[in-house]
Amino acid sequence: MGNNKEITNISKATIGRMPSYLRFLKEKELAGERTISSTAIAEELSLNAVQVRKDLAVISSVAGKPKLGFEIADLIADINRFLGYDNVTDAV
């Protein structure tokens, strides 16, 4: 249960976009922003907003809020968890 989704159900293209999302979101967080819309992410990364929403829905434990967007800190944590960047127990 919880947020553990089958990785086999996630496309390689989606997985490949995650590091770009992560870099972008970290830049926005450093700039002091707290929320962001999927449309803003899509425009900045030259992607389709629907694709961004679908990608984030696959890995995120929280949904974006209409007119408010996503909490940047939550998305960063979710992407880090999805990519395994928060796993400090397994050797590389």
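**How the helices pack around a shared core**

Helices H1 and H2 pack at an angle of about 105 degrees, with axes 11 Å apart. That angle makes H1 roughly perpendicular to H2, a label that covers 65 to 115 degrees (angles under 35 degrees count as roughly parallel, over 145 as roughly antiparallel, and the rest as oblique). Axes here are lines fitted to C-alpha atoms, for helices over the stretch in contact, and angles run from 0 to 180 degrees between N-to-C directions. On the H1 side, Ser20, Tyr21, Phe24 and Leu25 meet Ala40, Ile41, Glu44 and Leu45 of H2; contact means heavy atoms within 4.5 Å.

The model is a predicted one, in which local features need pLDDT of at least 70 and side-chain atom pairs count only at pLDDT 80 or more, while totals for chains, interfaces and linings use all residues. Residues are numbered from 1 along each chain as its sequence is written, and side-chain values use heavy atoms, with hydrogens and water left out.

Stepping back to the whole chain, there are four helices and two strands, arranged along the sequence as α-β-α-α-β-α. Helices (H or I, at least four residues) and strands (E, at least two) are DSSP runs, numbered from the N terminus. Of the 92 residues, 29% count as buried, where buried means under 20% relative accessible area, exposed means over 50%, and partly exposed is in between (1.4 Å probe, protein chains only). Among contacts between residues at least 6 apart in sequence, 63% join residues at least 24 apart. One pair separated in sequence is Arg23 and Ile76: they sit 53 residues apart along the chain, with their C-alpha atoms 9.0 Å apart in space. Arg23 belongs to helix H1 and is exposed, with a relative accessible area of 52%.

Back to H2, which spans residues 38-45 and has Ser38, Ile41 and Ala42 as its buried residues. Viewed down the helix axis, these fall within an arc of 100 degrees, so they line one face of H2; the arc is that of the directions from the helix axis to the C-beta atoms. The face turned away from the buried side carries exposed Glu43 and Glu44. The cover over the buried residues of H2 includes helix H1 (12-30), strand E1 (35-36), helix H3 (49-59), strand E2 (70-71) and helix H4 (72-83).

Ile41 in H2 is worth a look of its own. At 1% relative accessibility, Ile41 counts as buried. Setting aside neighbours within four places in sequence, Ile41 is in contact with Tyr21, Phe24, Leu25, Ile36, Val52, Leu56 and Leu75. Its partner Val52 is eleven residues away in sequence, and the two C-alpha atoms are 7.4 Å apart.

After H2 comes Ser46, in the loop between H2 and H3. The phi of Ser46 is near 55 degrees, a positive value in a residue other than glycine. Ser46 counts as exposed, at 67% relative accessibility.

Next along the chain is H3. At its start, a side-chain oxygen of Asn48 reaches to within 2.7 Å of the backbone nitrogen of Val50. The buried residues of H3 are Ala49, Val52, Asp55, Leu56 and Ile59. They cover an arc of only 120 degrees around the axis, which puts them on the same side of H3. Elements covering them include H1, H2, E2 and H4.

Beyond H3, Ser60 takes its place in the loop that leads to E2. Unlike the exposed Ser46, Ser60 counts as buried, at 9% relative accessibility. Its side chain makes a polar contact with the side chain of Asp78 (3.0 Å). A polar contact is a pair of N or O atoms within 3.5 Å; within protein, one must be able to donate a hydrogen and the other to accept it, and residues adjacent in sequence count only if both atoms are side-chain atoms.

Finally, the core. In soluble globular proteins, nonpolar side chains tend to be buried together. Here the largest nonpolar core has 19 residues, and those with the most contacts inside it are Tyr21, Leu25, Ile41, Leu56 and Ile79. H1, H2, H3 and H4 are the elements that give two or more residues to this core. A nonpolar core is a set of buried Ala, Val, Leu, Ile, Met, Phe, Trp, Tyr and Cys residues joined through side-chain atoms within 4.5 Å. Leu56, for one, touches Tyr21, Ile41, Phe70 and Leu75, not counting residues up to four places away in sequence.
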